[in-house]
Amino acid sequence: MGNDYVPPRVPTIDEVGATERAKRFSSRSLKKSSKVAGLKLIASMVDLTTLEGADTPGKVETLCQKARQPDLQAPDVPSVGAVCVYPPMVPIAKRCLEGSGIKIAAVATYFPSGQADLDHRLVEVRETVKAGADEIDMVINRGDFLSGRYGRVFDEVEAVKEACGSARLKVILETGELKTYDNVRLASQIAIDAGADFIKTSTGKVQPAATMPVTLVMLETIRDHYLKTGKMVGMKPAGGIRTAKLALRYLAMVKEVLGDAWLSNEWFRFGASSLLNDLLMQLAKERSGNYQSSRYFTLG
Amino acid sequence: MSKETTSRINVLKTYKLYIGGAFPRTESGRYDRQTNAKGDLVANICRASRKDFRNAMVAARKAQRGWAARSAFNRSQILYRMAEMLESRSATFERALEDAAGYKKKDAAAEVATAIDRLVWYAGWCDKFTQLFGNTNPVASAHFNFTFPEAMGVVTVLAPKSAPLLGLISTFAPVIVGGNSTIVVVDNDAPTIAIELAEVLATSDLPGGVVNILTGRRDELTPHIGSHMDLDAIFAVGSDKDEERALSIAATESIKRTKFIDDRSASEWRDADAQSPYMILPFIEFKTAWHPIGGVAGGGGAY
C-alpha cells in the first residue's frame, strides 16, 4: 500500500487571488439584529477548547459549565457546539455535559505532532472513543505529507476513520506547516477522500494558525467536492480567532462560499477558547449599549 | 528656463488622531473645520467617534500594564524626554499658538516655556510621589504594615478648553506619572496643537498607547466615555452642571472614579498652583501590605 496511491488532481491556487478574495469578506457590515443573530450562531459553533499541559479536572469542569451556559446573566446565549479536550479529560467532560447535547471532541493521534506509529495512534483513537468522545480531532503526519508520501497520509486518515466508529472525524492539516496553498488544497482533498467528516486548519500550537485565505482554500475544496459528489464535509478553523468581529467575517465567508446549509454547528465550528468571552462581551454591548470590559467575564 | 520656481503649492498637514502610537484618521470619516481668529481655514480636524474612543480604550488598556511596570525612574526619564522634544520644537509651538489660537507673541512664548517646565516638574515626581502618599502604619502586631500607591488603570482626560498646549500637559502629565495610560479628549479652538503635541509624544520614547489623543466634540463623546465598562477614571476639566451630573451617573455602573476641576484662563494655567502632586493623587489606588516580622522591635524580638 502507499506506493501505488495516486494523489487526487487538484486545481492550483492563485495565492494573490485567494488573499484578495478573503480580504473582501472583511468589508461586510453586520449591525444590530443581524449582528446579534450572527454572534449567537457563532457561540453555538464554538468548540470550547482547553489543550494545555497544565489542564486539570477542575479546569475542564469549569469549562464545561461555561459551555452549558456561557453567560449566566444572558440565558438566551446558546450553549456551545462542543468541548474540545485531551483524551484523559474525556470522562470528566462526559460527566459534566450529561444531557446537555454538547458534543465532546478529543484530540487523539498523538496531538499535536502526530509523530508516532500508526498503531499507537489508532489505539489512542479507539480508547478515546470508548471513553465517550463524540468527535475525534486527529492530526495528519505532516512529515509524510511534505516528503510526498501522500499514500501514507491517505491510509492513516482512512484507518483513523475506521477506528472512530460512529464518532465524527475532524482532520487537522496544520496548515501553518504546509507552507503553500497548493499543499493545503491537496491535503484537504486527500483528507476528504479518506473519509474526513470535518477538515480543520490547525492545532493552535503552530503559528500561523487559522487565517482567512487558508480557510477559504479549504472551503472551496469542500464546495468542489460537494458539487462533484453531493457529500457534505464540515469545516473547522482553529487557532487565532479571538474576536467576534473576525468570527463574523468567517461566517460571511462560509455563507458566501458554501451557503446556508453549512451555517450550523453540524457543519461549521470554530476551534477557540478566548473567542467565547469576546462574543459575550459584544452581545452584552448590544443589550446594554455600553462597551464592556473583559474584567467582568470569567476566565476560560 | 527659469532658475527657480515662481510659485508652489503649500503642502498642508493632515491632522489625524493619535491612538496606540499611530496617527489614524477617524473611522467615521467626519471632519470639523478649524479656523483662526480671522476666520481663515487652518485645517480640517478629525471629529472622533465613539468607535475611535473604543479603539483608543483598547490601545490604552494594552499599554497600561507595561507602562506601570516600568521603573519609576524610567517613567521620569521619558517625561523628561518629552520636555526635551518640546523644547526643540518650541518655535513651532509658539507660532502655532499665535497663528491658530490668536495668542500674543509674549503669551505664546510664556505658555510654551511653562509647558516644558511643567513636564520636567512632573518628571521629577515619578519616583517621589510614592514617598509622599505612601506610608508605614503603626500596627499592634508583629508586622510591618505599608500602604503604597499603585496605578488605577486607564483614565480619560476631558481637556481644558483654554491653553491648547499647557492645558493638555497640565492635565495628562499627572495622570501618567502614576503609571496610568490615558485618552485625552480635546475640544477647543485650536485642536491642531494637540496633534502637534502628539508628534512630540510619538518621538519621546513614550510607549504607544500610554497617551492617546482624540479631537472632536466633547458632548458627543461623553455619554460613551461615561458608560464604557473598561475605563477606570474620568478627569474632567470645566464641566458644566449637566455634564458633571451625566458623567457621575454613568460612571456608577462600573464604579469609575471621577474628578472634576474648573477650567482656568490661559494665563492662570501658567500659575504655580496649576501644578501639584495632589493632581496625581486622584488617579492612584492604595494597597496595604502586612509583612510578618519575628518579633516587635523593643519587645526583645529580632527580625
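**Figure 1. Ser188(A), a buried serine in helix α8 of chain A.** At a relative accessibility of 0%, Ser188(A) counts as buried, because anything under 20% is classed that way. Please keep in mind throughout that this is a predicted model. Ser188(A) sits in helix α8, which runs over residues 181–193 of chain A. Leaving aside residues up to four places away in sequence, its contacts are Leu173(A), Ile199(A), Met218(A) and Thr221(A). Two of these partners, Met218(A) and Thr221(A), appear again in the next view, among the buried residues of α9(A).

**Figure 2. Helix α9 of chain A and its packing partners.** This helix covers residues 212–229 of chain A, and its end C-alpha atoms are 25 Å apart, in agreement with the 26 Å that 18 residues should span at 1.5 Å a residue. Which residues of α9(A) are buried? They are Met212(A), Pro213(A), Val214(A), Thr215(A), Leu216(A), Val217(A), Met218(A), Leu219(A), Glu220(A), Thr221(A), Ile222(A) and His225(A). Their packing partners in chain A are α1 (15–24), α8, β6 (198–200), β7 (234–236) and α10 (244–257).

**Figure 3. Two cis peptide bonds and a positive phi in chain A.** Most residues other than glycine have a negative phi, and most peptide bonds are trans. Here, the bond from Phe111(A) to Pro112(A) is cis, with omega near 0°. Pro112(A) belongs to the loop between β3 (103–107) and α5 (118–131) of chain A, and Tyr110(A) is found in the loop between β3 and α5 too. Tyr110(A) is not a glycine, yet its phi is positive, near 55°. With a relative accessible area of 37%, Tyr110(A) is partly exposed. A cis bond also joins Gln207(A) to Pro208(A), with omega about -5°; Pro208(A) lies in the loop between β6 and α9 of chain A.

**Figure 4. Helix α9 of chain B, with a buried side and an exposed side.** The 12 residues of this helix, 241–252 of chain B, reach 17 Å from the first C-alpha to the last, close to the expected 16 Å. Glu243(B), Leu247(B) and Ala251(B) are buried in α9(B). Why do they lie on the same side of α9(B)? They cover an arc of only 60° around the axis, which puts them on the same side of α9(B). An α-helix has 3.6 residues a turn, so residues three or four places apart point the same way. Turn to the other side of α9(B) and you will find Lys241(B), Asp242(B), Arg245(B) and Thr252(B) exposed. The buried residues of α9(B) pack against β5 (154–158), α8 (218–227), β8 (233–237) and β9 (257–261) of chain B.

**Figure 5. Phe283(B), a buried loop residue.** Phe283(B) lies in the loop between α10 (266–269) and β10 (284–292) of chain B. Its relative accessible area is 1%, so Phe283(B) is buried. Beyond residues up to four places away in sequence, Phe283(B) touches Met152(B), Val155(B), Val175(B), Asn180(B), Ala233(B), Ile234(B), Phe235(B), Arg257(B) and Lys259(B).

**Figure 6. Asp205(B), an exposed loop residue with positive phi.** Asp205(B) is located in the loop between α7 (192–202) and β7 (211–215) of chain B. Although Asp205(B) is not a glycine, its phi is positive, at about 65°. Is Asp205(B) buried or exposed? Its relative accessible area is 53%, so Asp205(B) is exposed, given that the class begins over 50%.

Conventions
Residues numbered from 1 in each chain as written. Chains lettered and ligands numbered in written order. Predicted model: local features only at pLDDT ≥ 70, side-chain atom pairs only at ≥ 80, totals over all residues. Heavy atoms only, no water. Helix = DSSP H or I, 4+ residues; strand = E, 2+ residues; numbered from the N terminus. Expected span 1.5 Å × (residues − 1). Buried < 20%, exposed > 50% of the residue type's maximum accessible area, 1.4 Å probe, protein only. Arc of directions from axis to C-beta. Contact = heavy atoms within 4.5 Å.
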